[in-house]
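User: I would like to learn how to read burial, salt bridges and sheets in a structural model. Could we begin with burial?

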Protein chains: 2
Amino acid sequence: MRRVKRENLDRLFNPGSVAVLGASANPSKLGFHVMKSLVEGGYRGRIIPVNPGLEDVMGRRAYPSITALDAPIDLAVVAIPAGGVAGVFSECREKGVGGVVLITAGYKEIDDPEGARLHDELFALAESAGIPVIGPNTFGLINFRPALNASFTPEFSRIRPGGIALVSQSGGMAHLLGFSAEREGIGLRLIVGLGNRLNVDFPEILDYLVEDSHTEVIALYVEGMDRARDLLRIGKEVRGRKPVIAYKTGCSEKGNAASLSHTGSLAGRAEIYRGAFLQCGILPVDNAEALLDGARALSACPPPKGSGIGVLTAQAGPGMAASDRCERGGLRIPSFSATTQERINALLPPLALRTNPVDMGPAWYDPGALSRVVGAVMEDIHVRGILVLMMFASANMDVLAGLAPLLKEWGQKKPVVSCILSPRGIWDGLVEELEASRALVNYPTPERAAAAMVNLWRYGQALS
Amino acid sequence: MRRVKRENLDRLFNPGSVAVLGASANPSKLGFHVMKSLVEGGYRGRIIPVNPGLEDVMGRRAYPSITALDAPIDLAVVAIPAGGVAGVFSECREKGVGGVVLITAGYKEIDDPEGARLHDELFALAESAGIPVIGPNTFGLINFRPALNASFTPEFSRIRPGGIALVSQSGGMAHLLGFSAEREGIGLRLIVGLGNRLNVDFPEILDYLVEDSHTEVIALYVEGMDRARDLLRIGKEVRGRKPVIAYKTGCSEKGNAASLSHTGSLAGRAEIYRGAFLQCGILPVDNAEALLDGARALSACPPPKGSGIGVLTAQAGPGMAASDRCERGGLRIPSFSATTQERINALLPPLALRTNPVDMGPAWYDPGALSRVVGAVMEDIHVRGILVLMMFASANMDVLAGLAPLLKEWGQKKPVVSCILSPRGIWDGLVEELEASRALVNYPTPERAAAAMVNLWRYGQALS
């Protein structure tokens, strides 16, 4: 059962006008921060504060209720006490509001049957009006193109726009992932906090995002699900059309108990979810860092067309670490074809490790030879993806600039995943430029680079 | 067999004078970068360039050979072609040089019996003279107190001084770990690149560092060992005196093959090393990030005196992620004592998750209650260590400052490991201050924080 129509979600995510119920000038109120997010977050539509006790909020005329306004409202962000929400929902139905972000908490997640009753009442109201509701018990949502910060966290607007759509059942995890993206310069398409999922749950969001032209990869943080069957069905529809990666918590005894209290759903057994995810071609990961790492690779690189990886390393140690991680994840470090090996042998001295993984160290001071080694490996028929591992060396800081054209040429033919690291500020600009041109995707350690390649390969397998 | 005396290593690591053989004014030569490291890295002793073809290097008078100098030399850094090294070693013996850093490569790691012969010749020379040799095939060593950058990487001097001693068999990995430390503000005691380990190997370094007052924790990167039995013996002597954490690569087929070519040692089976490490109380980790993460916790926190962990989280999701990781690592999230639970129940409303893990969210706007919740958990007899997980919220940015005194009070009684995260710049200064005062050790994700707590607990077990 798809409870919410795609066009309704489209209006919710891209509103021409936003009303803030509970808008406030008092920084201790969430309604203040929602207003701040909208005003400072670059939203270009009309912002309508709603608060019966105020004349204006942040220089905008306030209305006593949404029905007092003589203009359509596409999105209502509701941050008022739980008791008043049902009345507001009735007004939203009357007014023809497009969608609701319900920040208010105190429903299914509380240890009180009244919470569940209110939840059911709101569900019936929303369904009868055909209004999609994000929440309750959510921080909100953020759209990065065009800019709409409909959350109580204005700082989310610091994140740069990109292709990763982040859908989280937990507000805390959404903040963790969002702040990590901000700190690491990772671009996001949107952030949605599902909260208690009144009528917009993972299936509805997946169904919407798979058609969204700005979304390159969908990253899910999952605690528990009431409608796992729906997710499976939608997951199978989505399969192969867009990469989806998911992190599920609540595997432990205590984690599971916490889930019930937190969002009103039991987390359930980890293996069941893992199996279900794999059936739909959703990539499971087991920590927050791997979720962002995997999403970055999936948004930037084509999947390798096979399990053979060429490892090009400027220093042997990181090559060993990456090879270990690749093989543990099911990838192979194959021998090169005879032609490739001959080409490399002509370029590297016998003291070098010339087979796969290739230690490029001895060619370090000969940019021409280095480029030809890289080119030979990239062209090898057994090599379906390339790991490039380079630690900065003071004696040859220009080596990366020399390789840049080749990386830009190859990066979209075969996936290039790298750990290229220097002290702060030396290579950072060039690495950013290579990432921006989609020549490669870079990670701070060889193991994380290799794990990202493993996920790219698994996604490629799900496609075939 | 201990081949090198501790006092000789002391002279090598803390020299009053350093000669650079192969010192050069040409930036394409390693001898240039070694000179730069010494000159710009704040070394306060005498720097003596040695190069028969030059009058001076970087404003310092150059000598044609070390024997031409009429003053003692504590450390000789050798960066000349392999063929000349045996002659230089004879001169070092004659001159009474205290120790050698042998950057020159082309010995056991090359596919040529001449390399092994040269290695054996140098070994005999060094042993007869009682000279400890770091290398050959090393980038060098860096001492952070007092400053001595005897490596070909001047940028290592940007790392701030601290308590973690990093001993690496791979130059590439030492650069990875060193640059990561620089980027993340992690303080190091020293960095040593062991290279081909002529007569200074892991056992000698461990034996030295365990007595070194500036070393709080020893972090090893290991590929393979010829003298595993010696390490076991020294490891058992070191056990419980200072934490040692080790990352071993070369587990995979290709990684192992690479090790032979790289440092002339077979990497060997991962399980054998893991077992041997555990026997000596050395904590094994399986990636570079975990090596630094674990070392940071071990240098900052006392180990928990039991497996019961209190999880204090400002948002439920990160608490679930941390609980999962704790339980997977063997830690428990125990119920609180009746007294503690009563105290918490009086402070948090029924809608909160008041048992362990505690969701502090509902007390978010009441600093007094929040502090009393934290205090109650810290005092609980079942709680041996505390995980604090807090994502920044715009509506309450002062919450961390309010908790700081309590964290400073408790941090050295029970280990406090945290994931306290804000957008860049907001809480960073306060988190740094808390880390500097050893109130806590902070990580970018809840899973990494939990994994660090697991390592602290394992170290505590090795002690008892």
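Analyst: A residue is buried under 20% relative accessible area, exposed over 50%, and partly exposed in between. The model shown is predicted. Arg6(A) has a relative accessible area of 31%, so Arg6(A) is partly exposed. Asp207(A), at 5%, counts as buried.

User: How is a salt bridge read, and what distance separates the closest N and O atoms of Arg6(A) and Asp207(A)?

Analyst: Side chains of opposite charge can pair when their charged atoms come close. Arg6(A) and Asp207(A) form a salt bridge whose closest N and O atoms are 2.7 Å apart. This pair links distant parts of the chain, helix H1 and helix H6 of chain A, 201 residues apart.

User: Are Arg448(A) and Asp293(A) buried or exposed?

Analyst: Both Arg448(A) and Asp293(A) are buried. They form a salt bridge, with the closest N and O atoms 2.8 Å apart. A network of salt bridges links Glu289, Asp293 and Arg448 of chain A with Glu289, Asp293 and Arg448 of chain B.

User: How should the sheet in chain B be read, and in what order do the strands stand?

Analyst: Strands of a sheet pair through backbone hydrogen bonds, either parallel or antiparallel. In chain B, five strands form an open sheet with parallel pairing, in the order E2-E1-E5-E6-E7. Strands E2 and E7 of chain B stand at the edges with a single partner strand each, so one side of each has no neighbour in the sheet. Strands E5 and E6 of chain B pair over four bridges, and Ala76(B) stands opposite Val100(B) in E6(B).

Definitions and conventions:
Residues are numbered from 1 along each chain as its sequence is written. Chains are lettered from A and ligands numbered from 1 in the order in which they are written. This is a predicted model: local features need pLDDT of at least 70, side-chain atom pairs count only at pLDDT 80 or more; totals for chains, interfaces and linings use all residues. Side-chain values use heavy atoms; hydrogens and water are left out. Two strands pair if DSSP finds at least two bridges between them. Helices (H or I, at least four residues) and strands (E, at least two) are DSSP runs, numbered from the N terminus. A salt bridge is a side-chain nitrogen of Lys or Arg within 4 Å of a carboxyl oxygen of Asp or Glu. Buried means under 20% relative accessible area, exposed over 50%, partly exposed in between (1.4 Å probe, protein chains only).
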